[in-house]
Amino acid sequence: MMNKALQEVLYMVVVAGNFLNAGGYAGNAAGVKLSSLQKLTDIRANKPGMNLIHFVALQAEKKNRELLQFPEQ
């Protein structure tokens, strides 16, 4: 709960989910359930081998490479 990098990555997941669900009942979420994180690999992109978790990782890398170091923290 105190890991700021993990919080930022989870916030990016919420923002991406809100964008994808805009206009629907789930389009203004304030957070995500931890059990829902496993489903991020099921949300596919139009690029082969790309899913939502890959997209979030690429955006985190662009914003600040250190965000991806949260597992070591």
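Helices, in the sense used here, are DSSP runs of at least four residues and strands are runs of at least two, numbered from the N terminus. On that reading, this predicted model has a secondary structure of two helices and zero strands. The helices are α1, covering 4-20, and α2, covering 52-63, and the loop between α1 and α2 is where Leu37 lies.

Overall dimensions come next. For 73 residues, a compact globule would be expected to have a radius of gyration near 11 Å, and because the protein has 12 Å, its value agrees with that expectation. Taken along the principal axes, the box filled by the C-alpha atoms is roughly 35 × 30 × 20 Å. Of the contacts between residues at least 6 apart in sequence, 47% join residues that are at least 24 apart.

The surface can be described in a similar way. The protein exposes about 5800 Å², of which carbon and sulfur atoms supply 59%, while 23% of the 73 residues count as buried. As for charge, there are 8 positive and 5 negative charges, and their mean positions lie 8 Å apart.

Turning to the interior, the largest nonpolar core consists of 10 residues, namely Ala5, Val9, Met12, Val13, Ala16, Leu40, Leu52, Val56, Ala60 and Leu67. Two elements, α1 and α2, each give two or more residues to this core, and α1 gives the most, with five residues. Individual contacts show how some of these residues meet. When residues up to four places away in sequence are not counted, Val9 touches Val56, Leu67 and Phe70, and among these partners Val56 and Leu67 are themselves listed in the core.

Ala16 offers a second view of the core from helix α1, where this residue has its place. With a relative accessible area of 12%, Ala16 is buried, because buried means under 20%. Not counting residues up to four places away in sequence, Ala16 touches Leu52 and Val56, so that Val56 is a partner of Ala16 as well as of Val9. Ala16 and Phe55 are 39 residues apart in sequence, yet their C-alpha atoms are 9.0 Å apart in space.

Phe19 also has its place in helix α1, but here the side of the account changes from interior to surface. At 67% relative accessibility, Phe19 counts as exposed, because the cut-off for that class is over 50%. From C-alpha to C-alpha, Phe19 and Met50 are 17 Å apart in space, and 31 residues separate them in sequence.

Leu37, in the loop between the two helices, falls into the class between buried and exposed. Its relative accessibility is 26%, and therefore Leu37 counts as partly exposed. Leaving aside neighbours within four places in sequence, Leu37 is in contact with Leu10, Val13 and Val32. One of these partners, Val13, belongs to the largest nonpolar core, and although Leu37 and Val13 are 24 residues apart along the chain, their C-alpha atoms are separated by 8.8 Å.

How values were computed: Residues are numbered from 1 along each chain as its sequence is written. This is a predicted model: local features need pLDDT of at least 70, side-chain atom pairs count only at pLDDT 80 or more; totals for chains, interfaces and linings use all residues. Side-chain values use heavy atoms; hydrogens and water are left out. The radius of gyration is taken over C-alpha atoms; the globule rule is 2.2 Å times the number of residues to the power 0.38. Buried means under 20% relative accessible area, exposed over 50%, partly exposed in between (1.4 Å probe, protein chains only). Contact means heavy atoms within 4.5 Å. Accessible areas come from the Shrake-Rupley method with a 1.4 Å probe; for residues, only the protein chains shown count as cover. Lys and Arg count as positive and Asp and Glu as negative; His and the chain ends are not counted. The place of a charge is taken as NZ of Lys, CZ of Arg, CG of Asp or CD of Glu. A nonpolar core is a set of buried Ala, Val, Leu, Ile, Met, Phe, Trp, Tyr and Cys residues joined through side-chain atoms within 4.5 Å.
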